[in-house]
Amino acid sequence: MLHRGQESTDGTGGGELTVPMAWLYAEYIADELLRTGDLMPPTSFEFRAGRDALALTIFLSDTDGELSGIRVVTQLETWLSLTAYDQPWQDWVGERMAGLAAEATDSGGPAPDLELAEAAWRWLQETELLAPDLNAVPGGGAPVGEDEGPKVWTPAWQLGLPLGHLAIHLF
């Protein structure tokens, strides 16, 4: 007889816990890339935006489910091209997430990796961060410090994506 604490998280009662290793590994790689680049304090929202954008890129670009430590270096060019300024990253993420959701529905099994990726994507889309307005044309003299220039509320993914891209370059 199973006790409440022994039931499986997928509802089968088999006592097995499904661990989202693909997402956790992608998040770990993203975290290490950003820490190595030393672009933002790890406790900042900007760092989280960069980590989540980069983790989504890493997770969603792994189409074969074979992300391993030895392949990380070989994937850097792919991640650079996906996070480049002129790429439709937001559309690519939406398409890949929809494809993975369809696969999860077809398989009928739990998809804890996808659930964490969806939560990160939701946060990146719904959260806005106050950032320097890079499109602003200064009307007078140049601002003295970076905090004195014009600012604009920016979706977290639009701030995190270039941070992730730069972190890959610095690696």
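Begin with the whole protein chain shown as a surface: in this predicted model, the chain exposes about 10,500 Å², and carbon and sulfur atoms supply 54% of that area. Switching to a cartoon view brings out 6 helices and 2 strands, which follow one another along the sequence in the pattern α-α-α-α-α-β-β-α. If you colour by accessibility, 39% of the 171 residues count as buried. Of the contacts in the chain with a separation of 6 or more, 70% are between residues 24 or more positions apart.

Next, select the interior. The largest nonpolar core has 38 residues, and Leu56, Trp89 and Leu124 are those with the most contacts inside it. Elements that give two or more residues to this core include α3 (72-83), α4 (89-107), α5 (112-126), β1 (128-132) and α6 (156-170), while the largest share, 8 residues, comes from α2.

Then centre the view on leucine 124 and display its surroundings. Leaving aside residues up to four places away in sequence, leucine 124 touches Ala49, Asp52, Ala53, Leu56, Trp89, Pro155, Ala156 and Trp157. Two of the residues named above for their contacts inside the core, Leu56 and Trp89, are therefore worth keeping on screen here, since in soluble globular proteins nonpolar side chains tend to be buried together. Finally, return to the surface and select Leu17, Val19, Met21, Leu24 and Leu116, which together make a nonpolar surface patch of about 450 Å². Within this selection, pick leucine 24, which lies in helix α1 (residues 21-37). Is leucine 24 buried or partly exposed? Leucine 24 counts as partly exposed because its relative accessibility is 36%, and buried would mean under 20%.

Technical notes. Residues numbered from 1 in each chain as written. Predicted model: local features only at pLDDT ≥ 70, side-chain atom pairs only at ≥ 80, totals over all residues. Heavy atoms only, no water. Patch = residues over 30% accessible without salt bridge, like charges linked within 9 Å, V, L, I, M, F, W, Y side chains within 5 Å. Areas by Shrake-Rupley, 256 points an atom, 1.4 Å probe, with all protein chains shown as cover. Salt bridge = Lys/Arg side-chain N within 4 Å of Asp/Glu carboxyl O. Helix = DSSP H or I, 4+ residues; strand = E, 2+ residues; numbered from the N terminus. Buried < 20%, exposed > 50% of the residue type's maximum accessible area, 1.4 Å probe, protein only. Contact = heavy atoms within 4.5 Å. Core = buried A, V, L, I, M, F, W, Y, C linked by side-chain atoms within 4.5 Å.
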